[in-house]
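Trainee: I'd like a close look at a single part here, the surroundings of the ligand. Please take me through what lines the site and what the ligand touches, with the cut-offs as you go.

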Amino acid sequence: MPERPSVPSSHTVLPDAVERIQREQHTLLASAGVGIAFMHGQEIVRCNERFAEILGYASARELAGCTGTSLHPDARSFLRLARAARTRMLQGLTFRTECQLRRQDGTLFWGDVSGRLIDPQAPGEGSVWTLDDIDAQRQAQALLNTALRERQLLFDHASVGIIFMRRGHLTRCNGHFETMLGYGPGELIGTSARHWFASAAEWERLEQNIARQLTVGLSFEGEMMLSRKDGGTVICEVRCKLIDAHDPDQGTIWITDDITERTQAQAALAKVHEQLEQQVRDRTRELSATVEDLHREMADRKRDQDRIYWLAHYDPLTGLPNRTLLADRSTQAIQLARDNGAPLAAIFLDLDHFKHVNDSLGHRVGDTLLVQIAKRLRSVVREKDTVSRIGGDEFVLLLPGANAHGAARVADKLLEASRQPYQIDHHELTMAPSMGIALYPQDGMDFDTLTQSADVAMYHAKLDGRNTYRFFTPEMRAQSLRALQLENALRRALDRDELQLHYQPQVRIRTGRVHSVEALLRWNHPKLGPISPSEFIPVAEDTGQILQIGEWVLRNAVAQLKAWRSAGLAELKIAVNLSAIQFHQPQLPDLVSQILHAAAVPPDALELELTEGVAVNDPRTATETMDQLRSRGVRLSIDDFGTGYSSLSQLKRFQIYKLKIDQSFVQDLDHDGNDRAIVSAIIRMAQALGMQTTAEGVETDAQLQFLRDMGCDEAQGYYFSRPLPPGEELLDFLKGRA
Ligand SMILES: Nc1nc2c(ncn2[C@@H]2O[C@H](COP(=O)(O)O[C@H]3[C@@H](O)[C@H](n4cnc5c(=O)[nH]c(N)nc54)O[C@@H]3COP(=O)(O)O)[C@@H](O)[C@H]2O)c(=O)[nH]1
């Protein structure tokens, strides 16, 4: 309040001075920034315009005469203020307060009120009051207070640690941060960040990094490992920022969030996740292994089924269809031929003397040979034809669309192909086939009949000299029945003593003397009568019975020779026919020695007649066998010479003792120049190689004369004697020419 002007006494105050003071007072009241009012008791005497303006009155005049009560929210608040003001003001002091007042429109506002008595000694003179509208200020303060309270609440109750740092030292932090690091209230104030940082090196690295970030106005965010008071560690997610980007001296605020549990939980979760993934991977691997196993099992099963099917339908050795598959294909082919009226042929093929290969060279060579033969058969026919193996050395070829002409062409090609030798190890082998051809429908309307017919025709090809083919004829079936009959009867022939040996003398042409006889087998069946060896020997060979029969012949012939020698024919020798199958028996040399030894007959008294074919298939083994026999003293001759394939080199190597000129050349000597040429050539060749010659089937004097002229050593034939049983007639003949 303005100082009370010193008022001159009435008798000294000039009127113009009063006026001036009033003017000054008026100016003061008008220009004052606060409201000023003069009160007398509780009534406003006078006030300035600002006072009226604050209280919402249009002019100061309106307030003149108003009581102080009307300016307060209620009478009580007015009286409370009045009492407080009076006490102070009576002491001559200025009363000052902030209180709520009422504007003219009834709204309340905060005012800053000051009052002073004009004369504390004379309170009745009134008082002067100043009023300032601090409502906006109070509201701002209230907002500020609220904000500060809220901030403090946040600070105190935040679930993150909040730190204020200045120049590397903590100036303030909340309880959460202290609790997080295990410190008591205020314990961390003034500590360096290093104090609660787990690793010094890490802190130095981070400190620089943080400083760099903050300097360029960025905030820092990262994970840190902080150290607890008790030595434990806390993993924190930290965000750090300058409090005032323009004034680094204001320091930094750090928000730290304890993520230890979260990190551990995340690590545990990651571990569980990894374990789960591992389990999933393991399970997936197991599943894929199981799936693979299943696939493999299915493939194995499929392979097994294929294999079972294959084994049921194919020959494991050659890979050719077997009888079952042949039957299937034949049935289909017959059906097709019937539907289309097309021709169809079956060829039954049997290898000639295949058994010799097995017996002499072993089954491995035999099997290899069969595989090569199968390939060759397959290469001869067309794709749509079937080549099947139905037995050891038996093949059936099914030729859809082939008539008699076509089948004959195929058979010719097969014969042609078979002439090429097979090379197995060091063996060079040739294997001729005998074939029978049957045609649909005339020779069979179904698979069984058709193949049986072809089989019968094949049998006849064998009878007709082998290495050829024959078409089936109805007559053949009857003859086959005969062969079957012979086969069965032959099994019992030895036991029933139905076999007998006849002997035919072999006469030295120059002297007319008999040096040896040939043993020739005879079979007189009680019901079938006499059966020619030409008919039953092939049956015995085919069925393998020739081994037993051949041994019987050898024993009996040697025994008979022994008897004759004992009866005075001391120099007599004997020739025994040896079937190729016998010759290829590995134990033959031992058997021969044992028989000769048992009969006490010298080995050179025995001559074994072999056919040219024995050496064709396997000359090396044949040579070995011959060497063995010869080394034991036994003589070897080649029977039916001229009909086979002997080569000069072979003859020389085999060291054959004698060549027996086949009777087919001898028979026509009288009128066939070719035969004469052949016979004379054979004799000259034998002489050149140091071999003896015997002409077979000599029936006439002219034949004998020619043979003598040519220098043939021996003759055998009806001209001298038919083959005779070992009786008196023969003995007389032999003694007469001994
Ligand atoms: N493996 C064996 N084969 C044998 C044996 N015994 C005989 N055979 C072979 O059988 C074929 C036929 O023999 P066979 O009916 O006995 O005929 C022989 C003679 O009887 C016959 N021959 C003799 N002289 C004449 C003649 O002047 N004219 C004429 N038409 N035929 C005659 O020739 C056959 C001679 O045989 P071979 O000297 O062996 O050639 C025959 O191939 C016999 O080899 C045996 O035990 N085992």
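Mentor: Here's the ligand site, followed by the chain around it.

Bear in mind that this is a predicted model: local features need pLDDT of at least 70, side-chain atom pairs count only at pLDDT 80 or more, and totals for chains, interfaces and linings use all residues. Numbering starts from 1 along each chain as its sequence is written, and side-chain values use heavy atoms, with hydrogens and water left out.

Start with the shell. There are 24 residues around the ligand, each with a heavy atom within 4 Å of it. Coming nearest are Glu518, Arg522, Asp639, Gln663 and Glu699.

What does the shell hang on? Four elements each put in at least two residues: strand 19 (514–525), helix 15 (533–543), strand 23 (635–641) and helix 21 (663–667). Strand 19 is the top contributor, with four residues. These elements are DSSP runs numbered from the N terminus, H or I over at least four residues for helices and E over at least two for strands.

Now the polar contacts, meaning pairs of N or O atoms within 3.5 Å. Glu518 shows up again here: one of its polar side-chain atoms sits 2.7 Å from a ligand oxygen. A nitrogen atom of the ligand is 2.9 Å from an N or O atom in the side chain of Gln504. Over at Lys660, a side-chain N or O atom is 3.2 Å from an oxygen atom of the ligand. As for cover, the ligand on its own has 800 Å² of accessible area (Shrake-Rupley, 1.4 Å probe), and the protein hides 83% of that.

And the chain that holds the site? The protein chain has 738 residues, 43% of which count as buried, that is, under 20% relative accessible area with a 1.4 Å probe, protein chains only. Its secondary structure comes to 24 helices and 26 strands. About 38800 Å² of the chain is exposed, with carbon and sulfur atoms supplying 52% of that area. If you look at contacts (heavy atoms within 4.5 Å) between residues at least 6 apart in sequence, 58% of them join residues at least 24 apart.

So, back to the site itself: keep Glu518 in view, as it is among the residues nearest the ligand and has that 2.7 Å pairing with a ligand oxygen.

How values were computed: Buried means under 20% relative accessible area, exposed over 50%, partly exposed in between (1.4 Å probe, protein chains only). A polar contact is a pair of N or O atoms within 3.5 Å; within protein, one must be able to donate a hydrogen and the other to accept it, and residues adjacent in sequence count only if both atoms are side-chain atoms.
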